[in-house]
Amino acid sequence: MRRINTIERPFCVLPDARRAQEVLASKLSATRLAAGFGRRIVIRDVDLAIEPGCLTVLLGPNGSGKSTLLSTLARLLPPRQGSVLLDGADISRRPTLEVARKLGLLPQQPPVPEGLTVAELVGRGRFPHQGFLRHWSRRDEAAVDEAMALTGISHLATTDVEALSGGQRQRVWISMVLAQKTPLLLLDEPTTFLDIANQVAILTLLRRLVRHHGRTIVCVLHDLNMALQYADRFVFVKDGVIKHTVADPKQCTGAIIEEVFDTSAIMVPHPQTGLPVFLPRYPDAQGAPA
Amino acid sequence: MTPVQGAGGGAHKASLTLALGFVAVLFGLHVLQGPRNVPLETFPALLFDRSPASFDQFVILHLRLPRILAVVMAGACLGAAGFLLQTAMRNRLGEPHILGLNAGASLAVVVLTAFPLIPLPVAAKPFAASLGAFLLFGAVLALSAGGRDRFSPVRVIFFGIALSAMANALVSAILILDEDTLEQLRFWLLGDSAGVQMSAIAAAAPTVVIGLVGAALVMPRLAALSLGDNLARGLGASVKRTRLIALLMAALLSGSAVSLIGPIGFVGLVAPALWPRLHNKPSVAALLLVTLSGAGLLLAADSLAAGILAPRELPTGALTGLVGAPVFIWLVLRTLR
Amino acid sequence: MSAGMLVFRLGDLSVRMRWKALLANTGLAALLLVLAGWALTVGSRAIDVQSVVRWMVFHDLGATDALILGDFRAPRICLAMLAGAMLALAGAVTQYQTRNGLADPSLLGVREGASLFIVALLLVSPAMPLALRPVVGLAGGLAAGLAVALVSRGASPLKFVMTGFGISWCLSSMLVILLASADLTSLQSALLWLAGSLQAADWQSVRIAAVILVFAGSVIFWLARHTELDDMGEAVATVLGTARSGPRRSTLMCAVLLVAGSVSVVGGLGFVGLIAPHIARFLPRQSLRGQLVASMMIGALLVLAADTLGRTIFAPVTLPAGISLAAIGAPLLVLLLWLRRDRTEDLR
């Protein structure tokens, strides 16, 4: 497991073609997007362009519409207004298999299938590359092996998924979307319910994927401070509207945090990285922990 | 009596009067119904001036009255049995037909008719049917007791359906192999009330009375049970014994009903569902109400079955199924998660 | 990675199988062949194995025996296996798709719906051509399936199954009423067919069943790749590139078609669609396609065994296959669910 002191200073660069093992570039954007469930409109007026080669996080209070936005970007939810563009074309008009080769998503807590091994579940990610008589090409095999190696679960390949711990299971799911080999990865709260070591490991992995494998990642995170240490771009969502888009963690100010989360916070620099860390400001001595 | 029960008492009184009125009206209508037009003067004559020569009197006394009595008794039994099952298992979908009691009782009756090992008196038929109901339902319970979710509604119902299907297959096999039994029981198996004899009613009367009295006696304990097993234990009720008694009584009641007019479904489901918030408040008054409603429902169904396509008779069991199955669906959609 | 797997690659094409599953399925196929061969020999007139082989290979056998084999036993055996395979395939694919071990279209009203429509037609015009039955049955089965889907729309799998039970009770009551109000002459043929009898099997019904099985089976197997993803939830399946509802609907429709088709040729055979997939789960783990193949063969075995037992045990009296099947199947099902009681989400 990587220790925290190995964190590089995050900054946003397009992947260097020589350094990246593969160049995968796809552009995802949304224009005047509105979406919701039933009669309820959850997000509206969203204009967003995902910067290729960056780790973008969506931040915001509970119920602010982050997950809805992510689902709409991944065509799981049809927009009420506006459109999502993948490489310039409306995502809902493109063949779904073609989209599946460009964009992968890991929803929150997907149901765990009964009786599958880790390798089998990861292999499911190859679906958009397979066919009726294309069960298992060499490329499928290589992609699955690589995906499991990246998340460090190769030794679990023949284990039943149901027998794994939460942290291991999350790595299996991430491997599955990695095996899909899509330039774009959308992840809905990949670190929730994980302990701190697993959170660090997964975020480190995500950044490595961005830096060295040319992936573009959009991620909903709950832990503001963790996000600030790892991500390149920050999209603050509140009440279904994008309030701020910040391209540098150092530009995240207490004012933004207060506006978005309705709570006052004190900013201190991380002693090691110098990046901002926000601590809650207690209104009075009573509210503060003794 | 607790205040809650006291407050419910007044409402129960009104409902009880209503149900009783309905049963009386249906009874009267049913007596008048039939292919032969019996003049109204026959009825006072039956009481004051009985004559064996009068054909009208014969029709009322030996054709219609036994049938109606059997229907009233069976309906009362089914309503009470359904209520017992529902309160004892805390499952609003409990019912003798769904949970396999009817199929067990039918199997027992068919087996006894086809293989008369010892010549059994007519009076033993209701007991045999009750025994069959109890055995099959016991198997259903034993099966659904395993695993993580003990006695979850879908589990009990599913095993009820599966074991019913098995019992029904055995019944069909016996009937195909043994034509005499088929002739005797063909109509009875579809739930048919025409042709019930007074002797059958007399034979069923003891089990009906035992079942109803037992049900009334166990009601207060079931009320304690309705709070949940742990609370009931805290109140000093023996959960297991209460359940066992309630289920035994349910088996006795549905066995009697089956021995009278064949396996009839859904009356036990619909009768308690007619009255709002009855299912979690077992009391003697509630039992009475459900019993009367069951009798009324089955009277109405029987009357319809005889009348809709007269002179052809439809099997009563099919009519109750037609009405009861939608009620089941409605309950499923309302009560399950 | 490919531990226990056989991968055959040819250019762009590749086929992957688990060798244990392949072995198991081959074993099942062999078992089915042996059982079918044995079923040819037994019956009211015993015909020894040599004669059967002679009939199959050289087509020379005494006229009586050839008639018994060719016109009675062979079509009956074929029909039993086809009906079993159809019901098992429908049950297996529906169970997988709804993630519910109790979801069998023939238990959830489809069988009753198809029966109701066919009986109605039988009573109206007894001389209806056999080929019309699947069409009418399909209409009835679809109507019942749609009713279940509509009533339990958006509800939990539990409610879905229970609604199916309710609708099938309702339909079977209607069936009883329909039968009770019918003439006795037309009743006879309706009753015979309802009991799930293979007595009337002939090559024409075999052909009808085969056509339906081949058609619906191809669609289901073609879409099995998509169906397989259903156990990961709708979101993951969609992101991986299965269309939102197209494959799902076509697969369910084909399951209904299979049940309606089998009802229209052999009447009501219960439990196959439930049991066969559960037994298949005891075999070595395999892909959905493998599971479907195994379920089909197990279904064929079950119905063939039940029918052969039904016509031999109490000979000369023949039990309809539906009855012997229920007598064997219900305890088997109960046993299977008992064995898997902590494993599945079936009975939540």
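This report walks through a predicted model with chains A, B and C, starting with chain A and then turning to how the chains meet.

**Chain A at a glance**

Let's start with how far to trust it. Chain A averages a pLDDT of 85, with 89% of its residues scoring at least 70. Confidence in chain A is highest in strand E3 (residues 55-59), at 95, and lowest in H2(A), at a mean of 89. The stretch to be wary of is residues 1-23 of chain A, where the pLDDT is below 50; that stretch still has 36 contacts in the model beyond near neighbours in sequence.

As for content, chain A has 8 helices and 12 strands. Of its 290 residues, 43% are buried. Contacts in chain A also reach along the sequence: among those between residues at least 6 apart, 69% join residues at least 24 apart.

**Strands in chain A**

One piece to look for is an open sheet of 4 strands, running in the order E2-E1-E4-E5 (chain A) with antiparallel pairing. Its edges are strand E2 (40-50) and strand E5 (89-90) of chain A, each of which pairs on one side only. Inside that order, strand E1 (residues 28-37) and strand E4 (residues 81-86) of chain A are joined by 5 bridges. To get the register by eye, find A:Ser29, which sits opposite A:Leu85 in E4(A).

Another set of pairings runs through strand E9 (residues 233-238) of chain A. E9(A) pairs with E3(A) in the parallel sense, over 4 bridges, and here A:Leu59 stands opposite A:Phe236. E9(A) also pairs with strand E10 (residues 241-246) of chain A, this time antiparallel and over 5 bridges. In that pairing A:Lys238 faces A:Val241 in E10(A). E9(A) and E10(A) make a hairpin with 2 residues between them, and A:Asp239 in the turn has a positive phi of about 50°.

Here are three of the strand pairings side by side.

| Strand pair | Sense | Bridges |
|---|---|---|
| E1(A) and E4(A) | antiparallel | 5 bridges |
| E3(A) and E9(A) | parallel | 4 bridges |
| E9(A) and E10(A) | antiparallel | 5 bridges |

**Two domains in chain A**

Chain A splits into domain 1 (4-102 + 182-280) and domain 2 (111-181). Domain 1 is written as two segments, and the residues of domain 2 fall between them in sequence. The C-alpha centres of domain 1 and domain 2 of chain A are 24 Å apart. Where they touch, domain 1 of chain A puts in 12 residues and domain 2 of chain A puts in 11. On the domain 1 side, helix H2 (96-100) and helix H6 (196-213) of chain A each supply at least two residues. H6(A) gives the most to that side, with 3 residues. By class, the domain 1 side of this contact divides into 8 nonpolar, 2 polar and 2 charged residues.

**How the chains meet**

There are 2 pairs of chains in contact, and chains B and C share the most contacts. Chain A and chain B don't touch: no contact joins them, and their closest C-alpha atoms lie 17 Å apart.

Take A with C. Here 31 residues of chain A are in contact with 23 residues of chain C. H2, strand E6 (103-106) and helix H4 (138-150) of chain A each supply at least two residues of the chain A side. H2(A) gives the most to it, with 4 residues. So what is the class make-up of the side of chain A that touches chain C? That side has 18 nonpolar, 8 polar and 5 charged residues.

Now B with C. In this pair, 37 residues of chain B are in contact with 36 residues of chain C. Helix H6 (153-177) and helix H13 (316-335) of chain B each supply at least two residues of the chain B side. The largest share of that side, 15 residues, comes from H6(B). By class, the side of chain B that touches chain C has 27 nonpolar, 5 polar and 5 charged residues.

**Chain C and its record**

For chain C, an unreviewed UniProt entry lists transmembrane regions, among them residues 108-128 and 206-224. In the model, residues 108-128 of chain C are 71% helix and 0% strand, with end C-alpha atoms 27 Å apart. Residues 206-224 of chain C are 100% helix and 0% strand, and there the end C-alpha atoms are 25 Å apart.

How values were computed. Residues are numbered from 1 along each chain as its sequence is written. Chains are lettered from A and ligands numbered from 1 in the order in which they are written. This is a predicted model: local features need pLDDT of at least 70, side-chain atom pairs count only at pLDDT 80 or more; totals for chains, interfaces and linings use all residues. Domain bounds come from an automatic or database domain assignment. Two residues are in contact if their C-beta atoms, placed from the backbone, lie within 7 Å. Ala, Val, Leu, Ile, Met, Phe, Trp, Tyr, Cys and Pro count as nonpolar, Asp, Glu, Lys and Arg as charged, and the others, Gly among them, as polar. UniProt positions are given in the numbering used here, feature names are shortened, and annotations may be inferred rather than shown by experiment. pLDDT is the predictor's confidence in each residue, from 0 to 100. A residue is buried if 20 or more other C-beta atoms lie within 10 Å of its own, exposed if 12 or fewer, and partly exposed in between; C-beta atoms are placed from the backbone. Two strands pair if DSSP finds at least two bridges between them.
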